[in-house]
Amino acid sequence: MHNRHKGTVLVVLQFLLIALIIYAGRMNIWSSWQLIAILTGFAIAAWAIISMRKSKLRVSPVPDPHATLVTSGIYKWIRHPMYLSVILITAGFTGNQSGVYRQLIFILLVAVLIFKSIFEERLLQKQFPQYQEYCKSTYRLVPYIF
């Protein structure tokens, strides 16, 4: 399968899983940890968007041929802050008492985002010779952990 098609499949799968989390029945959202996760996720997304203003923001993991590598702002510590923001926001919606169905969808979403990040990094290494060095000084999703 061509890279562009793989990227499209990953994006469709990501948004389908997010939709399933949102529409998988009643949500018990507003415990304090859920609210913190959701607000932190939105803050990270905003910081990532501001940091990427020099480049071309895309949902697809396939980089734009004219994009520039962003290594400042939040990208100084995390290579995929938008994926982290999706994880935090959906974790907040998944919650403690959302049922096994929603939690399994959340786990599948995290797996898709990790796979998507690995796929994207392979393409970024081809496009940007300095990307491998950048990876040595940053974390994929969570500083000091992963």
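Guide: A salt bridge here is a side-chain nitrogen of Lys or Arg lying within 4 Å of a carboxyl oxygen of Asp or Glu. By that definition, Lys136 forms one with Glu133, the closest N and O atoms being 3.5 Å apart. The structure is a predicted model, in which local features need pLDDT of at least 70 and side-chain atom pairs count only at pLDDT 80 or more, whereas totals for chains, interfaces and linings use all residues. Residues are numbered from 1 along each chain as its sequence is written, and side-chain values use heavy atoms, with hydrogens and water left out.

Visitor: How many salt bridges does the structure hold, and where do Lys136 and Glu133 lie?

Guide: There are 3 salt bridges. Lys136 and Glu133 both belong to helix 5, 3 residues apart, which is about one turn of the helix; helices are DSSP runs of H or I with at least four residues, and strands runs of E with at least two, numbered from the N terminus. Both Lys136 and Glu133 are exposed, a term reserved for over 50% relative accessible area, with buried meaning under 20% and partly exposed what lies in between (1.4 Å probe, protein chains only).

Visitor: What makes Arg79 and Glu121 a salt bridge, and which parts of the chain does the pair link?

Guide: Their side chains meet at 2.7 Å, N to O, a value that falls within the 4 Å limit and therefore satisfies the definition. The pair joins distant parts of the chain, with Arg79 in the loop between helix 2 and helix 3 and Glu121 in helix 4, 42 residues apart.

Visitor: Why is Arg79 called buried, and why does Glu121 count as buried?

Guide: Arg79 has a relative accessible area of 11%, which is under 20%, so it is buried. Glu121, at 5% relative accessibility, is likewise under 20% and therefore counts as buried.

Visitor: How do you know that the side chains of Glu121 and Arg140 meet in a salt bridge?

Guide: The N to O distance for Glu121 and Arg140 is 2.8 Å, again within 4 Å, so the criterion is met. This pair also links distant parts of the chain, from Glu121 in helix 4 to Arg140 in the segment after helix 5 (131-136), 19 residues apart. Arg79, Glu121 and Arg140 are thus linked in a network of salt bridges.

Visitor: Why does Arg140 count as buried, and what does Arg140 touch?

Guide: Its relative accessibility is 17%, and since that is under 20%, Arg140 counts as buried. Not counting residues up to four places away in sequence, Arg140 touches Ile78, Arg79, His80, Ser117, Ile118, Glu121 and Phe146, where contact means heavy atoms within 4.5 Å.

Visitor: What makes helix 2 roughly antiparallel to helix 3?

Guide: Two packed helices are described by the angle between their axes and the distance between the axes. The axes of helix 2 (residues 32-51) and helix 3 (residues 81-94) come within 7 Å and cross at roughly 160 degrees. That angle makes the pair roughly antiparallel, because the term applies over 145 degrees, while under 35 is roughly parallel, 65 to 115 roughly perpendicular and the rest oblique. Axes are lines fitted to C-alpha atoms, for helices over the stretch in contact, and angles run from 0 to 180 degrees between N-to-C directions.

Visitor: Which residues in helix 2 and helix 3 meet?

Guide: In helix 2 they include Trp33, Ala37, Phe42 and Ile49, and in helix 3 they include Met82, Leu84, Leu88 and Phe93. The residues of this contact divide into 15 nonpolar, 6 polar and no charged, counting Ala, Val, Leu, Ile, Met, Phe, Trp, Tyr, Cys and Pro as nonpolar, Asp, Glu, Lys and Arg as charged, and the others, Gly among them, as polar.

Visitor: Why are helix 3 and helix 4 called roughly antiparallel to each other?

Guide: Helix 3 and helix 4 pack at an angle of about 180 degrees, with their axes 10 Å apart; that angle is over 145 degrees, so the two are roughly antiparallel. Among the residues making the contact are Tyr83, Ile87 and Phe93 of helix 3 and Phe106, Leu109 and Leu113 of helix 4. This contact divides into 9 nonpolar, 4 polar and 3 charged residues.

Visitor: Why does Val112 count as buried, and with what is Val112 in contact?

Guide: Val112, found in helix 4 (residues 100-127), has 7% relative accessibility, which is under 20%, and therefore counts as buried. Leaving aside neighbours within four places in sequence, Val112 is in contact with Leu10, Leu13, Gln14 and Leu17. Val112 and Leu13 are 99 residues apart in sequence and 7.7 Å apart in space, C-alpha to C-alpha.

Visitor: Why does Leu17 count as buried?

Guide: Leu17, in helix 1 (residues 3-23), has a relative accessibility of 4%, under the 20% limit, and so counts as buried. Beyond its neighbours within four places in sequence, Leu17 is in contact with Ile105, Leu108, Leu109 and Val112.
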